[in-house]
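Reader: I am new to this structure and would be grateful for a close look at one part of it, the aromatic pairs. Please then set that part in its surroundings.

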Amino acid sequence: MRSFLLLIALLITADFSRAEAEVSAWSRATPPGATTAAIYGRFTNNGDQAMSVARVQAAFAEHAMIHETQHRNGMATMRHGSLSIPPAGHVELRPGGMHIMLMGMNRELLTGCYYEFSLIWTDGSTSRHKFLTGVLGQLSPPEPTTAESCL
């Protein structure tokens, strides 16, 4: 009975993670006082089952969610989207397209820093990732030459 209770305790506190998820993520630096930002990058599924994101979390943001930019009649609007990655496939999140929107941030994102975020998958597992910030207005992934953790 004691072993069973120990096993239950370990399962409750275990960090379930998706080893199949490989993420190369980046963002732009934000101006002072900004409370929103976006995460872009390549999200790869190395497994043999499709993977779908249920939620996104970042400790420094009140909300984080998948957004999709749509262009209609010369206007760009954002709407809530979803992120599903096919088996042995990948999805690109890019400026002007699908991205992870961070809202209600309690810090600015500085150039050359790594920040952490988590993906909670529909199967209940979690994967933790980092993203690197480039300069303000950057349109492509930054080079990680002198990056540091700015948690």
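Author: There are five aromatic pairs in the structure, which is a predicted model: local features require a pLDDT of at least 70, side-chain atom pairs count only at pLDDT 80 or more, and totals for chains, interfaces and linings use all residues. Residues are numbered from 1 along each chain as its sequence is written, and side-chain values rest on heavy atoms, with hydrogens and water left out. Rings of Phe, Tyr and Trp (the six-membered ring of the latter) pair if their centres lie within 6.5 Å; planes under 30 degrees apart are called stacked, over 60 edge-to-face, and the rest tilted.

One of these pairs joins Phe-60 and Phe-131, whose ring centres are 6.4 Å apart and whose planes meet at 50°, so the pair is tilted. Phe-60 lies in the loop between β3 and β4, whereas Phe-131 belongs to strand β10, so the pair ties together parts that are 71 residues apart in sequence. A strand here is a DSSP run of E, at least two residues in length, numbered from the N terminus. Both rings are shielded: Phe-60 is buried at a relative accessible area of 6%, and Phe-131 is buried at 0%. Buried means under 20% relative accessible area, exposed over 50%, and partly exposed in between (1.4 Å probe, protein chains only).

Phe-131 also pairs with Phe-117; the ring centres are 5.9 Å apart and the planes stand at 50°, so this pair too is tilted. Phe-117 sits in strand β9 and Phe-131 in strand β10, so parts 14 residues apart in sequence are tied together. Phe-117 is buried, with a relative accessibility of 1%. Ring pairs connect Phe-60, Tyr-115, Phe-117 and Phe-131 into a cluster.

How does this cluster relate to the largest nonpolar core? That core has 29 residues, and among the members touching the most others are Phe-60, Phe-117 and Phe-131, together with Phe-43, Ile-100, Leu-102 and Leu-119. Strands β1 (21-28), β2 (36-45), β3 (51-57), β4 (61-72), β7 (90-93), β8 (98-105) and β9 (113-121) each provide at least two of its residues. The greatest share comes from β9, which gives five residues. A nonpolar core is a set of buried Ala, Val, Leu, Ile, Met, Phe, Trp, Tyr and Cys residues joined through side-chain atoms within 4.5 Å. Leu-102 links back to the rings: leaving aside neighbours within four places in sequence, the residues in contact with Leu-102 (heavy atoms within 4.5 Å) include Phe-60, Phe-131, Ala-58, Ala-61 and His-63.

Strand β10, which holds Phe-131, carries other buried residues as well. Thr-133 lies in this strand, residues 126-134, and is buried at a relative accessible area of 1%. Not counting residues up to four places away in sequence, Thr-133 touches, among others, Tyr-115, a member of the ring cluster. Ser-127 is likewise found in β10 and counts as buried at 3% relative accessibility. The side chain of Ser-127 makes polar contacts with the side chains of Trp-121 at 2.9 Å and His-129 at 2.7 Å. A polar contact is a pair of N or O atoms within 3.5 Å; within protein, one must be able to donate a hydrogen and the other to accept it, and residues adjacent in sequence count only if both atoms are side-chain atoms.

Charged pairs complete the picture. There are two salt bridges, each being a side-chain nitrogen of Lys or Arg within 4 Å of a carboxyl oxygen of Asp or Glu. In one, the closest N and O atoms of Arg-42 and Glu-92 are 2.9 Å apart. Arg-42 is in strand β2 and Glu-92 in strand β7, so the pair joins parts 50 residues apart in sequence. Arg-42 is partly exposed at 36%, as is Glu-92 at 28%. The other joins Glu-68 and Arg-79, with closest N and O atoms 3.6 Å apart; Glu-68 is in strand β4 and Arg-79 in strand β5 (residues 75-80), 11 residues apart.

Finally, a word on confidence. The mean pLDDT (the predictor's confidence in each residue, from 0 to 100) is 86, and 87% of residues reach 70 or more. Over residues 1-16 the pLDDT is below 50, and this stretch has four contacts in the model beyond near neighbours in sequence. Where pLDDT is low, predicted coordinates should not be read in detail.

Conventions
Helices (H or I, at least four residues) and strands (E, at least two) are DSSP runs, numbered from the N terminus.
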